[in-house]
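The following exercises practise the reading of a protein structure, one element at a time. Please attempt each task before turning to its solution.

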Amino acid sequence: MPSVNVAVVGSGPAGIYAAGELVRKTDAAVDVIDRIPAPYGLVRYGVAPDHPRIKAVVKSLQRTLEHERVRFLGNVEFGRDIDRAFLDAHYDATIYATGALHSKPLGIEGEQLPGSRSASDFVSWYNGHPDAAGGFDLDSSAAAVVGAGNVALDVARLLTRGVGSLCATDIPSSVLEAFAASRVRDVHILCRRGAADAKFTTKELLDLHDLRGVGVLVDPGDLQDLGSGAADSGEAASPNVELFRAWAADAAAQQSEPSRIHIHFWARPVAIQGGDRVESIRIERMERTDEGTIHGTGEFRTLGVGLVLSSVGYRSNPLPGLPYDLARGVLPNVAGRVVDEDGNHIPSLYVTGWLKRGPQGVIGTNKTCAAETVAAVIEDLAGRSARSGTAAVDHGLTALGAEVIDYGGWRRIDAQELARGQESGRDRAKICEWAELRAVGAGHLAETGR
Ligand code: NAP
């Protein structure tokens, strides 16, 4: 009999690392709850399909979900099927791990024009997320991606790399067809600060370097001031800057490639322009102030592009019934303990992952983040006995009309996706529609028409 029952809301890496840490360090029973009938969050729906090595982390996450004291309760949405009162009544502690799913807006004129979308929409689309809204028009020769982070690199890479090496991945066939028909040949990444300030990691830049048929262009003039990152570190050149310099020195060869990614530093978009849809983006040249901030120089130029994807970071939405730090876009907390406006811990509430610390860090960062949160849970629950059991949870969920798709249901989805993938020589053919995910998860294969 487990000593306590803990709910983890969100089955991405942050939530599953927390569940793993709990069952390793305590004899707690853990329910991992997710609104989607499939687990793994950003690993399934955020990591790019051409990064299978990053996706391989699923193997260790799966081991946690298969632990005898862990249950997966999919298709259960916080705020729709269950609320804080339900979790407070049934669990001794709840760890919220719902991540940061929403793109921050750019806040510039023309952002609403057709052809201007968020990078997170694009990522959801190429990863077959059931919420992905519509496809993307890839019928113009140039696109702009705003932001100097790894998501911008993922998006630029997927737009230019060609479909050959994507054919065997789990990318949805409809997306593969759209990429095959794409006319995009030039992608402009717009970075508002200097080369040493960009948040790109070297590994992701090297991925571009190694891409066949894709040139990377950097204007040497953009590297005259590397930015406050270089000034602060006192280093002449980081590995990133070395790469930018190498690209800048190799312009003729890079330009001759069939597709090109242009990385522009000191370039801030000020307006997206067009009649019925995006036709161009207006950019102001930025420069560094003596204080290390940036300001516009009043020098403008316009790039002709038919698609603009804003990739300026993610944001969590407030969760109903829970506090929210509007400025940071997180659940307010001290080392994982959720706190009220006076900074006092709200008993039994905890948080981990991007909802705790904001949208930064790679997947592995969530391990240490979860360890800190779980340490707080263990300290607070020492000597406590369970206030409820799994039978009461199941009973309560049924009474609320929740149609739970458990780990067995996910295995049905998984098996179906792998089988469909095998039929077409691919790793997996993802099920991308809500109705079909639910039908296959519930074992109603006949309803899918297969
Ligand atoms: P990010 O790393 O925070 O980058 C956001 C970028 O947007 C920054 O360069 C920021 O510039 C810029 N920005 C913010 N507001 C802007 C504005 N109004 N106008 C122009 N630019 C603006 O975010 P991300 O790319 O979404 O990545 C999120 C996290 O996921 C990161 O930790 C990333 O490393 C991780 N990730 C990792 C991988 C991987 O390992 N393969 C892949 C994807 C994502 P400033 O610096 O000037 O604010």
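The exercises below concern this predicted model, and each is followed by a worked solution.

**Exercise 1. The surroundings of the ligand**

Task: Describe the shell of residues around the ligand, and determine where the ligand lies with respect to domain 1 and domain 2.

Solution.

Step 1. Begin with the residues themselves. The ligand is surrounded by 21 residues, and those that come nearest are Ala148, Asn150, Arg192, Arg193 and Gly361.

Step 2. Sort the shell by class. Nine of its residues are nonpolar, seven are polar and five are charged.

Step 3. Ask which helix contributes. Helix α7, residues 150-160, gives the most to the shell, namely three residues.

Step 4. Consider the domains. Domain 1 comprises 5-100 + 316-403, and domain 2 comprises 104-310. Both give residues to the shell, so the ligand lies between them.

**Exercise 2. Polar atoms at the ligand**

Task: State which polar atoms of Val151, Arg192 and Gly361 lie by oxygen atoms of the ligand, and how much of the ligand's area the protein buries.

Solution.

Step 1. Take the side chain. Arg192 places a polar side-chain atom 2.8 Å from an oxygen atom of the ligand.

Step 2. Take the backbone. A polar backbone atom of Val151 is 3.1 Å from an oxygen atom of the ligand. For Gly361, a polar backbone atom is 2.8 Å from a ligand oxygen atom.

Step 3. Turn to the area. The ligand taken alone exposes 930 Å², of which the protein buries 82%.

**Exercise 3. Helix α1**

Task: Check the length of helix α1 (residues 13-25) against the expected span, and decide whether the helix is largely enclosed or largely open.

Solution.

Step 1. Compute the expectation. The helix has 13 residues, and the expected span is 1.5 Å times one less than the number of residues, which gives 18 Å for α1.

Step 2. Compare. The end C-alpha atoms of α1 are 18 Å apart, which agrees with the expected span.

Step 3. Examine burial, for which the cut-off is under 20% relative accessible area. Eleven of the 13 residues of α1 are buried, so the helix is largely enclosed by the rest of the structure.

Step 4. Identify these residues. They are Pro13, Ala14, Gly15, Ile16, Tyr17, Ala18, Ala19, Gly20, Glu21, Leu22 and Val23.

**Exercise 4. Positive phi values**

Task: Explain what is notable about phi in Ala335 and Ser348, and give the setting of Ala335 and of Ser348.

Solution.

Step 1. Recall the general rule. Most residues other than glycine have a negative phi.

Step 2. Apply it to Ala335. Its phi is near 50°, a positive value in a residue that is not glycine. Ala335 belongs to the loop between β16 (333-334) and β17 (337-339), and its relative accessible area of 34% makes it partly exposed.

Step 3. Apply it to Ser348. Its phi is about 70°, again positive although Ser348 is not a glycine. Ser348 is part of strand β18, residues 345-351, and counts as buried at 10% relative accessibility.

**Exercise 5. The contacts of Ser118**

Task: Locate Ser118, decide whether it is buried or exposed, and find which polar atoms its side chain approaches.

Solution.

Step 1. Ser118 is situated in strand β6, residues 116-118.

Step 2. Its relative accessibility is 14%, so Ser118 counts as buried; the cut-off for this class is under 20%.

Step 3. The side chain of Ser118 makes a polar contact of 3.2 Å with the side chain of Ser120. In addition, a polar atom of the Ser118 side chain lies 3.1 Å from the backbone nitrogen of Asp121.

**Exercise 6. Separation along the chain and in space**

Task: For Leu138 and Pro172, set the separation along the chain beside the distance between C-alpha atoms.

Solution.

Step 1. Leu138 occupies the loop between α6 (119-126) and β7 (142-146) and is buried, at a relative accessible area of 7%. Leu138 and Ala181 are 43 residues apart along the chain, and their C-alpha atoms are separated by 7.8 Å.

Step 2. Pro172 occupies the loop between α7 and α8 (173-181) and is buried, at 8%. Pro172 and Ile82 are 90 residues apart along the chain, with 31 Å between their C-alpha atoms.

Note on methods:
Residues are numbered from 1 along each chain as its sequence is written. This is a predicted model: local features need pLDDT of at least 70, side-chain atom pairs count only at pLDDT 80 or more; totals for chains, interfaces and linings use all residues. Side-chain values use heavy atoms; hydrogens and water are left out. A residue is near a molecule or strand if one of its heavy atoms lies within 4 Å of it. A polar contact is a pair of N or O atoms within 3.5 Å; within protein, one must be able to donate a hydrogen and the other to accept it, and residues adjacent in sequence count only if both atoms are side-chain atoms. Accessible areas come from the Shrake-Rupley method with a 1.4 Å probe; for residues, only the protein chains shown count as cover. Helices (H or I, at least four residues) and strands (E, at least two) are DSSP runs, numbered from the N terminus. Ala, Val, Leu, Ile, Met, Phe, Trp, Tyr, Cys and Pro count as nonpolar, Asp, Glu, Lys and Arg as charged, and the others, Gly among them, as polar. Domain bounds come from an automatic or database domain assignment. Buried means under 20% relative accessible area, exposed over 50%, partly exposed in between (1.4 Å probe, protein chains only).
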